[in-house]
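Hi there,

Here is the structure I promised to pass on. Please open it beside this message, and then read on for what turned up.

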Amino acid sequence: MGKLLGSTLKGRGPIVYNEDKMKTEILYEDADVIVIRKLAGFPTESAKATQLDVVSELRNYLSTEQNKKPYIGVVHRLDQPVEGLLVFAKNKKAAAGLTKQLEEGSLNKQYYAVAFNQPSVQEGVLEDYLIKDPVKKVAKVVTADTEGAQKASLRYRVVAGIQGRVLYAIRIDTGRFHQIRVQMAHAGMPLLGDQKYADEATKIYAKHLGIRNVALCAFQVGFVHPVNGKKLVFTTLPRGEAFQPFVDLIGKTLGNRPL
């Protein structure tokens with residue numbers, strides 16, 4: 001069964017792609033950029049050549065349109081167990097423009113997360129220094145003078161609390177490996193479903209609730225179009241099990257109060 005996607009490409013009609021076969025949801029596409037929604041549990045770009053991922057799906061999708069090997073510029077990623085929005089470039093000029101915005105902090109990425117504990121401070125900034133362990137594939141909080149340490153900063157705000165779950169709105173100021181997950185856990189706010197960074201009590205609670213993926217969703221991405229200069233903002237509702245008690249609230253307030 002095909003799905004029609006309204007294209008902004010001049011002189012082209014709606015794009016038809018196979019909704020039944022693609023896990024990646026395309027929200028917007030023009031000649032330069034493509035915005036998608038990634039499912040939790042589906043990798044952005046896998047190191048395994050035989051494993052399907054978002055990038056390979058987009059290449060297959062675009063190759064049926066262009067009859068040639070398409071260009072897919074990976075500007076940013078989401079961890080495999082995380083859901084939400086990503087923007088990709090369709091040419092080198094767009095990739096350079098989006099990458100510059102990412103480096104300057106003007107590519108706006110906002111997240112919802114559900115954690116086990118509620119802090120005494122309802123809104124704040126977390127600043128840590130992180131290093132990546134390439135063997136264990138985890139990030140660690142270290143002191144500022146540790147060799148290879150990189151500063152990580154994020155802003156959080158408590159949105160609501162229901163039945164032991166706390167919904168946070170989060171905006172990252174830096175883009176470090178596993179940043180939100182490790183910083184929130186280090187601050188005593190471990191995310192439900194996080195097998196790498198949550199403590200045992202949080203893991204047990206998440207298992208009891210049937211939460212299988214990390215309770216983290218990139219619900220909003222905003223950027224200036226790298227070619228035509230227009231401001232574009234996209235939002236999506238979280239779908240993970242951990243977010244279900246908050247769905248109505250999120251639907252009413254989605255993106256209303258940016259961090």
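Below are my notes, ordered by topic. One thing to keep in mind from the start: this is a predicted model.

**Salt bridges**

Searching the whole structure gives eleven salt bridges. Three of them are described here.

Let me begin with R239 and E25, which form a salt bridge with their closest N and O atoms 2.5 Å apart. R239 sits in the loop between β13 (231-235) and α5 (247-253), while E25 belongs to strand β3 (residues 25-29), so this pair ties together parts that are 214 residues apart in sequence. As for exposure, R239 has a relative accessibility of 46% and therefore counts as partly exposed.

Next come R181 and D79, another salt bridge, where the closest N and O atoms are 3.0 Å apart. This pair also links distant parts of the chain: R181 is in helix α3 (residues 179-186) and D79 is in the loop between β5 (73-74) and β6, 102 residues apart. Is R181 buried or exposed? R181 is buried, because its relative accessible area is 4% and the cut-off for buried is under 20%. Its partner D79 is partly exposed, with a relative accessible area of 22%.

The third pair is R212 and E241, whose side chains meet in a salt bridge at 2.7 Å, N to O. Here R212 lies in the loop between α4 (200-209) and β12 (216-224), and E241 lies in the loop between β13 and α5; the two are 29 residues apart and link distant parts of the chain. R212 is exposed at 69% relative accessible area, whereas E241 is partly exposed at 25%. There is also a network to look at: salt bridges that share partners join D79, R181 and D194.

**Lysines**

Where does K90 sit? You will find K90 in the loop between β6 (83-89) and α2 (92-104). K90 has a relative accessible area of 12%, so it is buried. Its side chain makes a polar contact with the side chain of E29, at 2.6 Å.

On the surface, a patch of positive charge is formed by K48, K132, K137 and K196. Of these, K132 is part of strand β8 (residues 123-133), and K137 is in the loop between β8 and β9 (138-142). K137 is exposed, with 53% relative accessibility.

**Backbone details in the loops**

K137 deserves a second look for its backbone: its phi is near 55°, a positive value in a residue other than glycine. Q163 also has a positive phi, of about 50°, although it is not a glycine. You can find Q163 in the loop between β10 (150-162) and β11 (165-172), where it is exposed at 62% relative accessible area.

Finally, have a look at N117, in the loop between β7 (108-115) and β8. N117 is partly exposed, with a relative accessible area of 32%. Its C-alpha atom is separated by 6.7 Å from that of V166, although the two residues are 49 apart along the chain.

Happy to go through any of this with you.

Best wishes

How values were computed
Residues are numbered from 1 along each chain as its sequence is written. This is a predicted model: local features need pLDDT of at least 70, side-chain atom pairs count only at pLDDT 80 or more; totals for chains, interfaces and linings use all residues. Side-chain values use heavy atoms; hydrogens and water are left out. Patches are made of residues with over 30% relative accessible area and no salt bridge: like charges are joined within 9 Å, nonpolar side chains (Val, Leu, Ile, Met, Phe, Trp, Tyr) within 5 Å. Accessible areas come from the Shrake-Rupley method with a 1.4 Å probe; for residues, only the protein chains shown count as cover. A salt bridge is a side-chain nitrogen of Lys or Arg within 4 Å of a carboxyl oxygen of Asp or Glu. Lys and Arg count as positive and Asp and Glu as negative; His and the chain ends are not counted. The place of a charge is taken as NZ of Lys, CZ of Arg, CG of Asp or CD of Glu. Helices (H or I, at least four residues) and strands (E, at least two) are DSSP runs, numbered from the N terminus. Buried means under 20% relative accessible area, exposed over 50%, partly exposed in between (1.4 Å probe, protein chains only). A polar contact is a pair of N or O atoms within 3.5 Å; within protein, one must be able to donate a hydrogen and the other to accept it, and residues adjacent in sequence count only if both atoms are side-chain atoms.
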